[in-house]
Structures are given as structure tokens and as C-alpha cells.
Amino acid sequence: MANETYLVTGAMGCIGSWVLRHLTDQGADIVATDLQADPVRGRLLMTDPEIAAITWEHLDVTDTKAVSSVVETHGVTHIIHLAGLQIPFCRADPPVGAAVNVTGTVNVFEAARAHNVKGLTYASSLAALGAPTFYDTWPLPDDAPTMPSTLYGVYKVANEETGRIYAADWNIGSIGLRPYTVYGVARDQGITADPAKAILAAAAGVPFHIRFSGPVALQHASDVAQIFIGCAKAETADAKVLNLRGDVIDIADFVETLKNRVPDAQITFEPDTPLPYPADLSDAGLQSVLGHVPHTPLTDAIENDITAYRSLLANGKLDLKQLES
Ligand SMILES: NC(=O)c1ccc[n+]([C@@H]2O[C@H](COP(=O)([O-])OP(=O)(O)OC[C@H]3O[C@@H](n4cnc5c(N)ncnc54)[C@H](O)[C@@H]3O)[C@@H](O)[C@H]2O)c1
């Protein structure tokens with residue numbers, strides 16, 4: 001880790017908090033940035049001294065000069081770019097969505113170009129892809145055609161294409177990662193947070209209804225964070241866009257697995273309501289970059305999460321308000 005400094009944007013989000021957890025474990029120098037001031041999710045995963053050891057900066061990624069300045073001032077060598085607005089926010093306010101998700105990402109690439117950043121990874125999304133019916137090669141390869149059905153997905157495709165041009169024109173390498181259904185402690189908003197919320201509800205002994213059904217690729221936030229870090233460390237010279245896989249499972253089987261661990265769990269799901277994304281994703285590209293792809297098997301992850309949620313609830317560090325939204 002000598003002479004390495006990691007900039008994390010969107011560091012107070014779910015994946016960002018897990019990235020901080022793992023970078024801290026690795027003894028990395030971290031510059032954690034976000035619009036928010038209070039690391040609510042980070043406190044679910046780290047102790048107060050660990051949080052205090054991180055350098056925190058307020059950073060709006062839409063501010064071109066501010067992004068460049070943070071990278072220059074701290075001698076940033078690696079960037080993990082996670083700041084972004086999710087599907088409902090982009091739909092509610094498309095110009096702001098584009099400013100954060102598209103211009104914000106261009107600003108990050110521009111800062112990487114100006115200040116000789118060695119490793120850059122950023123969050124694309126599975127929402128860059130189309131409905132499963134568009135595809136006929138399974139598991140779905142990384143280079144399957146993009147066919148976004150939301151503005152959010154369109155913005156993520158713009159990120160992927162931005163990466164391609166920065167590599168072609170200026171030799172700025174990058175890896176865009178496409179998470180799908182991320183779960184685990186600190187995953188608390190968006191429809192694909194429902195599996196995480198179901199585990200929390202099972203831990204707390206309260207009912208919860210998952211708003212969809214059918215196959216998904218469940219990816220634990222801890223694994224996803226390690227994948228982002230590993231891809232930044234890979235310091236790739238070209239522009240890659242990579243799928244994640246995790247556990248490809250039907251929601252009915254996920255609920256059954258959860259009930260095997262917590263037999264009295266009151267978890268239901270909406271029948272015949274599949275998410276409009278492919279689930280059977282190939283992570284061969286990710287394997288070729290990382291060698292070993294971090295993957296906590298679902299039963300182990302549920303066990304860990306139940307224990308963590310119960311401890312957080314018992315210590316008054318988490319309430320159940322997130323189950324209502
Ligand atoms: N969680 C998932 O299942 C999932 C799936 C696919 C893609 N992604 C992508 O991964 C990234 C991280 O996801 P997450 O679940 O941690 O998201 P999140 O919503 O929990 O966190 C995003 C963070 O970005 C910050 N942010 C928003 N606007 C900003 C701005 N202008 N400047 C700086 N920070 C800003 C927010 O304050 C928030 O802390 C996002 O880009 C998201 O689109 C997530």
C-alpha cells in the first residue's frame with residue numbers, strides 16, 4: 001500500500017461504506033468523499049476510531065474543479081467512483097440525474113487524466129442491459145449489447161462509452177462494473193434492496209414483502225466492495241466493462257434459504273413479477289482480471305447478516321424504518 005491513496009466517491013452509500021471497511025482492513029490511505037456529512041451507513045460497519053482514521057472531504061462530483069482539486073491535493077493514485085443517483089431519482093429529475101451520473105463521471109475521468117491516476121474503477125449497472133428476452137447467449141457475456149430501459153441505464157451506458165473513449169484517446173484505463181442485486185448490511189434503498197431488507201426483517205422477527213420474484217443475481221455488498229478495490233488495483237491499461245455474478249437464484253429459493261436459517265421468518269414475495277434484467281451473467285471477464293472473484297456463498301452471507309443485524313438492533317445502532325420505504 002506504500003504511496004497509494006484511494007479516493008472513494010459516494011463513500012457514504014452502501015457499496016462505498018463496504019469499500020471503506022475493506023480498504024481500512026488493508027491499511028490503505030483513504031480519501032472518502034460524498035455530498036453527505038454523516039457516515040450513517042459507515043457506522044454500521046466500522047468503529048468510531050476506524051472512521052476517524054479516514055480523511056473525509058465534502059465533494060460534489062458535478063463540480064469539475066473540486067473533483068480535480070481533491071485528486072491533486074491528496075496525491076490520489078486510485079479512484080473508486082461510486083457517487084450516483086438511482087433509477088427513481090433519475091426518473092424524477094433527469095437533468096440532475098445526468099449531471100451527477102454522466103457529468104460527474106466525466107469529471108472523475110478528467111481528474112484521472114490530469115493527475116496521472118493509476119487505477120480507476122467506476123459503478124456502471126446491470127441496468128445498462130436489456131430485458132432477458134433480448135438475449136440468447138447464456139450465461140450472458142460482458143459484451144452483450146446494451147439496451148437500457150431507463151434513463152439511469154442510459155446514463156450508465158454513457159459512463160461505459162466515456163471509459164472507452166478515454167482509453168482510446170488518452171490511454172486512461174478503467175474498469176466499469178455492473179452490480180445487480182446488492183444485499184447486506186447498509187443496503188437500504190431501491191427495489192433491489194428488498195432481499196437485504198428481508199434478511200433484516202427475518203433477523204428482527206417482523207414481516208416483510210419482497211416486491212418482485214423470479215431469478216436474480218444476488219451479490220453481497222462485502223464481495224462487491226472487494227471486487228471494486230481489486231479492479232482499481234489491477235491498474236488496467238484498457239477500458240473494460242465487467243458483469244458480476246454472485247448467486248444466481250430465484251427469489252422463491254432465496255426465501256426458502258432464509259427460512260431454513262430463520263424458520264419463523266414472515267417473508268413473502270410478489271408472484272409473477274420478475275425484474276426486467278438478465279440474471280444468468282458470466283463473470284469470466286472478472287475472473288480473468290482478479291483471478292479469484294470474492295464470493296460469499298448465500299447461506300454463509302445470510303448467517304453473517306442475521307448475526308450482524310441482530311447485534312446492531314440490540315445495540316440501538318439500527319432501526320426498522322427502512323423496511324417501510
Ligand atoms: N446497490 C446496487 O444494487 C447497485 C446496482 C447497480 C449499480 N449500482 C451503482 O453503484 C453505485 C453505488 O451504489 P450504492 O448502492 O452504494 O448507492 P447509494 O445510493 O447507497 O450511494 C450513492 C452515494 O452517492 C452520493 N451522491 C449522490 N450525488 C452525489 C454527488 N453529486 N456528488 C457526490 N456524491 C453524491 C450519495 O450521497 C450516496 O451516498 C451507484 O453509482 C449505483 O448506481 C448499485
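Which residues touch the most other members of the largest nonpolar core? They are V8, I15, V19, I199 and F228, and the core holds 96 residues. Helix α9, residues 221–233, gives the most to this core, with eight residues. The model behind this report is predicted.

In general, nonpolar side chains of soluble globular proteins tend to be buried together. I15 gives a local view of such packing. Leaving out residues up to four places away in sequence, I15 touches L82, V182, A221, V224, A225 and F228.

## The seven-stranded sheet

Seven strands form an open sheet with parallel pairing. Their order is β3-β2-β1-β4-β5-β6-β10. Which strands stand at the edges? They are β3 (55–58) and β10 (239–243), and each pairs on one side only. From one strand to the next, the twist averages 15°.

Strands of a sheet pair through backbone hydrogen bonds, either parallel or antiparallel. The table lists four of the pairings in this sheet.

| Strand pair | Bridges | Direction |
|---|---|---|
| β1 and β2 | four bridges | parallel |
| β1 and β4 | four bridges | parallel |
| β4 and β5 | four bridges | parallel |
| β5 and β6 | three bridges | parallel |

Single bridge partners help you find these pairs in the structure. Start with β1, residues 5–9. Y6 has I30 as its bridge partner in β2, a strand that spans residues 29–34. L7 has I79 as its bridge partner in β4. Strand β4 covers residues 78–81. There, H78 is the bridge partner of G119 in β5. Further along, Y122 is matched with G176 in β6.

## Buried strands

How many of the five residues of β1 are buried? Four are, and the strand is mostly covered.

Next comes β5, residues 119–123. Five of its five residues are buried, so β5 is largely enclosed by the rest of the structure. In a regular strand, side chains alternate between the two faces of the sheet. In β5, G119, T121 and A123 lie on one side. L120 and Y122 lie on the other. Both faces are covered, and all of these residues are buried.

Strand β6, residues 174–178, also has five buried residues out of five, so β6 is largely enclosed by the rest of the structure. S174, G176 and R178 point one way from the strand. I175 and L177 point the other way. All are buried, R178 included.

## Helices against the sheet

Helix α6, residues 94–114, lies across β1, β4 and β5. The helix runs at about 175° to β4.

V70 sits in another helix, α4, which spans residues 64–73. Is V70 buried or exposed? It has 23 C-beta neighbours inside 10 Å, so V70 counts as buried; the cut-off is 20 or more. V70 touches L7, V31, T33, E57 and L59, again leaving out residues up to four places away in sequence. E57 is 13 residues from V70 along the chain, yet their C-alpha atoms are separated by 8.2 Å.

## The three-stranded sheet

There is also an open sheet of three strands, in the order β7-β9-β11. Its pairing is mixed. Why is one side of β7 and of β11 left without a neighbour in the sheet? β7 (181–183) and β11 (247–250) stand at the edges, and each has a single partner strand, so one side stays free of a neighbour. Here the twist averages 40° from one strand to the next.

Strand β9, residues 215–220, runs antiparallel to β11, and four bridges join the two. Within this pairing, V216 has I249 as its bridge partner.

## Around the ligand

How many residues surround the ligand? There are 26, and the closest are G10, G13, G84, A123 and V182. A123 has already appeared as a buried residue of β5. V182 has appeared as a contact of I15.

By class, the shell has 13 nonpolar, 11 polar and two charged residues. Helices α1 (14–25) and α6 each supply at least two residues of the shell. α1 gives the most, with three residues.

Key
Residues numbered from 1 in each chain as written. Predicted model: local features only at pLDDT ≥ 70, side-chain atom pairs only at ≥ 80, totals over all residues. Pairing = 2+ DSSP bridges. Axes fitted to C-alpha atoms, helices over the stretch in contact; angles between N-to-C directions. Near = placed C-beta within 6 Å. Nonpolar A, V, L, I, M, F, W, Y, C, P; charged D, E, K, R; others polar. Core = buried A, V, L, I, M, F, W, Y, C linked by C-beta atoms within 7 Å. Buried ≥ 20, exposed ≤ 12 C-beta atoms within 10 Å, placed from the backbone. Contact = placed C-beta atoms within 7 Å.
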